[in-house]
Amino acid sequence: GGVAEEKGGVLCSLCGHDSVPWEFSVKGLETKLEGMGEDMVKVVLTDEIKSQASGGTIATMVDSVENPLANVKSDFDPIYGAKKGGKVVNASPKFVSKGPDGWMSFFMMSLVNAEAVKRSASLNQNLEYVEGERVDLLTGVNNTLSLYMSLCFLYVPALRKFLMSKNIIPNPGTGPSLKQQQNGYLRVIGTGYGSKGSKVRSCIYFDSDPGYRDTARMVAEAGATLLEV
């Protein structure tokens with residue numbers, strides 16, 4: 001941060017897969033309802049995704065557990081900052097629940113995406129944020145249980161070392177192949193609910209791996225956009 005400030009640079013976080021598609025979806029739905037004379041009081045985002053995690057992503061997750069940020073009790077939320085306005089409540093499923101497009105299971109990045117949406121969507125009104133991965137009921141139960149079990153394994157040092165030695169989970173510096181990235185995709189289906197009962201819909205689609213291939217594109221586009229503002 002200090003180097004960027006000294007050189008006149010701008011740090012722009014969360015400008016890739018985390019969390020551009022969800023920010024755009026929420027803003028688009030909110031703008032549509034505003035044009036109809038309504039505030040958006042709830043948004044549901046249903047994710048369809050095929051992507052591969054890299055070793056760097058796994059290492060970041062592990063580091064967040066082994067070196068947690070200090071838990072400082074304060075009424076100040078750095079995401080909201082000092083501005084006044086509404087509050088965004090993350091009501092995303094932690095297991096499996098029914099949404100407007102069928103069953104939804106817990107999607108880990110909803111924890112991050114909701115925080116990113118806080119900053120922009122909370123400028124005017126309160127908002128309930130719901131996000132999950134689109135699944136059938138059986139797949140949702142299986143995926144969620146598998147995810148929670150994997151997280152438990154990941155945070156046990158001895159077991160994590162063993163899994164990495166067997167290439168069951170990727171090591172830092174490794175990630176999805178070019179073919180895996182080309183075969184990836186992301187579709188985010190949005191439903192916005194207005195304060196007077198209206199409902200609007202949206203859909204945004206990425207035709208390759210969103211976590212790496214399309215994130216590289218989004219980061220470049222975010223940088224180019226900053227040069228124009």
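Okay, let's start in the middle of the protein: the largest nonpolar core here has 21 residues. The ones with the most contacts inside that core are Trp-22, Val-26, Met-40, Val-43, Leu-45, Leu-127 and Tyr-129. And yes, keep in mind that this is a predicted model.

So which elements give two or more residues to this core? They're helix 2, helix 4 (110-121), and four strands: strand 1 (40-50), strand 5 (127-134), strand 6 (185-194) and strand 7 (199-206). Helix 2 hands over the largest share, with five residues.

There's another core too, lying apart from that one. This other core has eight residues, and among them are Ile-58, Met-61, Leu-151 and Leu-163.

Let's go back to Trp-22 for a second. Who does Trp-22 touch, if you skip its neighbours within four places in sequence? Among its contacts are Leu-45, Phe-107, Val-117, Tyr-129 and Val-188, and also His-17, Asp-47 and Glu-131.

Now zoom out. The chain has eight helices and seven strands, and 37% of its 229 residues are buried. If you take the contacts with a separation of 6 or more, 76% of them join residues 24 or more positions apart. On the outside, the accessible surface is about 13,300 Å², and carbon and sulfur atoms own 58% of that.

One last oddity. Most peptide bonds are trans. But the one from Asp-18 to Ser-19 is cis, with omega near 5°. And where do you find Ser-19? Look in the loop between helix 1 (2-7) and helix 2 (20-35).

Methods:
Residues are numbered from 1 along each chain as its sequence is written. This is a predicted model: local features need pLDDT of at least 70, side-chain atom pairs count only at pLDDT 80 or more; totals for chains, interfaces and linings use all residues. Side-chain values use heavy atoms; hydrogens and water are left out. Buried means under 20% relative accessible area, exposed over 50%, partly exposed in between (1.4 Å probe, protein chains only). Contact means heavy atoms within 4.5 Å. Accessible areas come from the Shrake-Rupley method with a 1.4 Å probe; for residues, only the protein chains shown count as cover. A nonpolar core is a set of buried Ala, Val, Leu, Ile, Met, Phe, Trp, Tyr and Cys residues joined through side-chain atoms within 4.5 Å.
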